[in-house]
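Please open the model in your viewer and keep the selection panel at hand. The stops below each begin with something to select.

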Amino acid sequence: MKQKIAVLGPGSWGTALAQVLAENGHDVRIWGNIPEQIAEINEYHTNQQYLPDLHLPESIVGYTELADAIQDVDAVLFVVPTKAIRVVAQELIRKLTTKPIIIHASKGLEQDTHKRISEVIAEEIPEEKRQAIVVLSGPSHAEEVAVHDITTITAASLDQKAARYVQSLFMNDYFRIYTNNDVIGVETGAALKNIIAIGAGAIHGLGFGDNAKAAIMTRGLAEISRLGVAMGANPLTFIGLSGVGDLIVTCTSVHSRNWRAGNLLGQGKRLDEILANMGMVVEGVSTTKAAVELAEQLGVEMPITQTIYNVLYHGEDINKAAKEIMLRDGKIENEFQ
């Protein structure tokens with residue numbers, strides 16, 4: 001059944017998801033706050049800054065006024081940077097005319113509060129103003145979804161009817177959705193894999209080989225799982241699409257901005273220069289800080305994350321940091337330490 005859906009955020013992932021929805025026959029509105037970008041979407045059906053080779057379905061309509069974009073919608077999809085989630089939700093609640101299902105496809109932890117994105121949305125949009133909140137996450141590059149590469153991701157919600165609704169919105173012959181009820185695990189895996197991707201990129205930039213890449217990904221997954229379980233997640237989630245699946249794709253691909261940032265760090269570039277020239281938000285940088293603070297609060301050991309934090313926030317020499325983490329006291333692998 002045709003649904004009206006507002007996509008908030010015309011970056012690469014928001015644009016790719018809007019394309020999937022439009023190709024599935026839905027009424028798709030995409031909202032952004034840069035008039036020139038929205039005008040390009042409406043006039044030329046392109047988004048050159050984020051997906052330069054993509055020609056969008058002409059049925060997608062762009063809006064700069066949020067009230068117009070969300071008029072009479074069945075669902076609202078957040079695809080804005082983590083730092084913008086709260087302020088956009090605050091604006092949304094003032095302008096809603098329906099009680100939509102809220103979906104988010106962003107990946108991070110809010111600074112200072114360390115809250116997951118669904119928690120932030122729930123705080124700002126009360127239950128009487130919305131239906132369920134659904135998290136859409138998994139191993140997916142916008143560039144590949146845009147050209148119909150086979151992709152499988154997860155729709156997670158405490159309300160399984162809502163998760164199945166989101167599954168039905170997006171499913172087609174190249175984009176497959178599984179449902180899950182572990183919102184904590186799915187959001188934690190989505191956020192923390194960006195940290196490990198920075199480390200994996202740095203390993204590459206330093207000139208290390210496949211052995212080192214396998215090590216950081218495997219031990220990085222152990223850290224993600226430890227913190228996630230301490231937060232209340234199901235440990236099995238981390239061997240699924242939004243855990244190891246998302247970790248693999250983000251740690252091994254040049255499409256990953258977090259991997260690219262780490263790679264440049266490994267080559268000796270300065271962080272401020274990297275971020276200034278990336279053109280998109282590198283979520284792993286701010287998530288690293290939130291994760292270190294949260295791990296300390298919960299008493300969880302995360303040596304790789306701590307090392308990446310020291311490089312990003314204290315300017316520690318990256319070659320020295322790589323050697324020091326190898327010289328830590330010996331551990332027993334299956335004790336999950």
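Select Asp 246 first: with a relative accessible area of 0%, Asp 246 is buried, where buried means under 20% relative accessible area, exposed over 50% and partly exposed in between, for a 1.4 Å probe and protein chains only. This is a predicted model, in which local features need pLDDT of at least 70 and side-chain atom pairs count only at pLDDT 80 or more, while totals for chains, interfaces and linings use all residues. Residues are numbered from 1 along each chain as its sequence is written, and side-chain values use heavy atoms, with hydrogens and water left out.

Add Lys 107, whose side chain meets that of Asp 246 in a salt bridge at 2.9 Å, N to O; a salt bridge here is a side-chain nitrogen of Lys or Arg within 4 Å of a carboxyl oxygen of Asp or Glu. Because Lys 107 lies in the loop between strand S5 (101-104) and helix H5 (117-124), and Asp 246 in helix H10 (residues 241-251), the pair ties together parts that are 139 residues apart in sequence. Helices (H or I, at least four residues) and strands (E, at least two) are DSSP runs, numbered from the N terminus. Lys 107 is also buried, at 12%.

Move next to Arg 116 and Glu 119, which form a salt bridge with closest N and O atoms 3.4 Å apart; Arg 116 is buried at 10% relative accessible area, whereas Glu 119 is partly exposed at 32%.

Finally, select Lys 115 and Glu 123, whose closest N and O atoms are 2.1 Å apart in a salt bridge. Both belong to a network of salt bridges that also links Arg 86, Glu 110 and Glu 124.
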